[in-house]
Amino acid sequence: MTNRDFANRLAFQGGGWVEFQRSFGGVGVTYAYTSGPYRSQVGLEWNDQQDDRQRYNNDNGKRGNQTFDQIEKFRSTGAFWLNELTLGKKLTLTAATRYDALRLSSDDAFLTDGNQSGEQNFDRFNPSVGAVFVANNWANVYANVASNFETPTLTELSANPSNLGGFNPDLKPQRSLNYELGSKFLINERLGLDLALFQINLQDELVPYQLATAPGRTFFRNAGKSLRKGIEAALNLRLEEGLYLTLNYTYSDFSYEDYTANGTSFAGNAQPAVPKHHLFSILQWAHRSGFFIAAQARSISKVFVNDANSATAAGSTLASMRVGHAFQLGKQWRIEPFAGINNIFGTEYTGNILLNAVGNRFYEPGVAQASYYGGLKLSWKKN
């Protein structure tokens, strides 16, 4: 069982002081069976979460009058069955299915505006199939098709645009069908390449937004249909003994296909907060003595910050570096002092985006200067 007490002041008055007490627990059981080339696994899971949530007015940093009080419960029961069959040395087939039954309820304790208590129930099967073909000792090809089901969280459901208690009655679970085709190549002991193509068809995607009548608060709604297509590529190269270069690139073409909100259609628009190009690279060197140094860079292209695609956040490239030394103390203890620099060149960038914010308040800037850190890692290994 896990418990959490949370309190936070947000940058608005009405309900801008948020508190909740959360308890979470779960149990699961799994059985695995193997017979020759066939492997199977079945399991059951049960999880329970309860949030005792309150909101108060934020009166210039002080807790004001209470505006919200309810107990929210999220209970889920799941069952899954995984199967894997190896045919010879070349082909492995997988098939799986999962069933989830979910019950979400709210017990409204703030009754001055009426009783909005209620519950929602969802259940769904999600099957998946896949295959891996080993072409030779340096290349394989894989393909997967999988469905997914994602319910709104208690926080998303309790953000009710009616400004009443209970859950947002218009918010539905998000569903998706995922396709992936990829290859892995180990050209030689120095060079490895990974390439994957993916497509995700989404229905009722959960989208955050704000209202002019409640500035600063985030609510959620469903987009009708969305389409995500992209390419992921990775290169791993050993340049010299102990010197490695890793490059990861992602191309994302995410768009709305059918989505109307407040009488405005966003069909054909790009989904916000997703860069079309994302490149990550790291060059690292480790000496047999235990000394290591690594330099990395992350570069993203511009992103839209709202569903209308009327505003953007500029792209950026951030560089960082980390050095350290690992010392072996006897046979069991290992100590590793390290230090690093983030944003070496003091690049200005957007640290966080508030999607569909009112008043064009989309941007939360990142730290536009170099920042330094250091630490000590101590580990023990049993003989």
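Buried residues (under 20% relative accessible area, with exposed meaning over 50% and partly exposed in between, for a 1.4 Å probe and protein chains only) account for 34% of the 383 residues in the chain. The model is a predicted one, in which local features need pLDDT of at least 70 and side-chain atom pairs count only at pLDDT 80 or more, while totals for chains, interfaces and linings use all residues. Residues are numbered from 1 along each chain as its sequence is written, and side-chain values use heavy atoms, with hydrogens and water left out.

To begin with the overall picture, the chain holds one helix and 23 strands, taken as DSSP runs numbered from the N terminus (helices: H or I, at least four residues; strands: E, at least two). Its C-alpha atoms fill a box of roughly 70 × 55 × 50 Å along the principal axes. Of the contacts (heavy atoms within 4.5 Å) between residues at least 6 apart in sequence, 58% join residues at least 24 apart.

Turning to the interior, the largest nonpolar core, a set of buried Ala, Val, Leu, Ile, Met, Phe, Trp, Tyr and Cys residues joined through side-chain atoms within 4.5 Å, has 11 residues, among them Phe74, Leu102, Leu104, Leu154, Leu157 and Leu206. Strand 5 (91-108) and helix 1 (154-158) are the elements that each give two or more residues to this core. A second, separate core has eight residues, including Val305, Ala311, Ala313 and Phe362. Beyond its neighbours within four places in sequence, Leu206 is in contact with residues including Thr151, Pro152, Leu171 and Arg221.

Elsewhere, Leu197 lies in strand 9 (residues 191-211) and counts as partly exposed because its relative accessibility is 42%.
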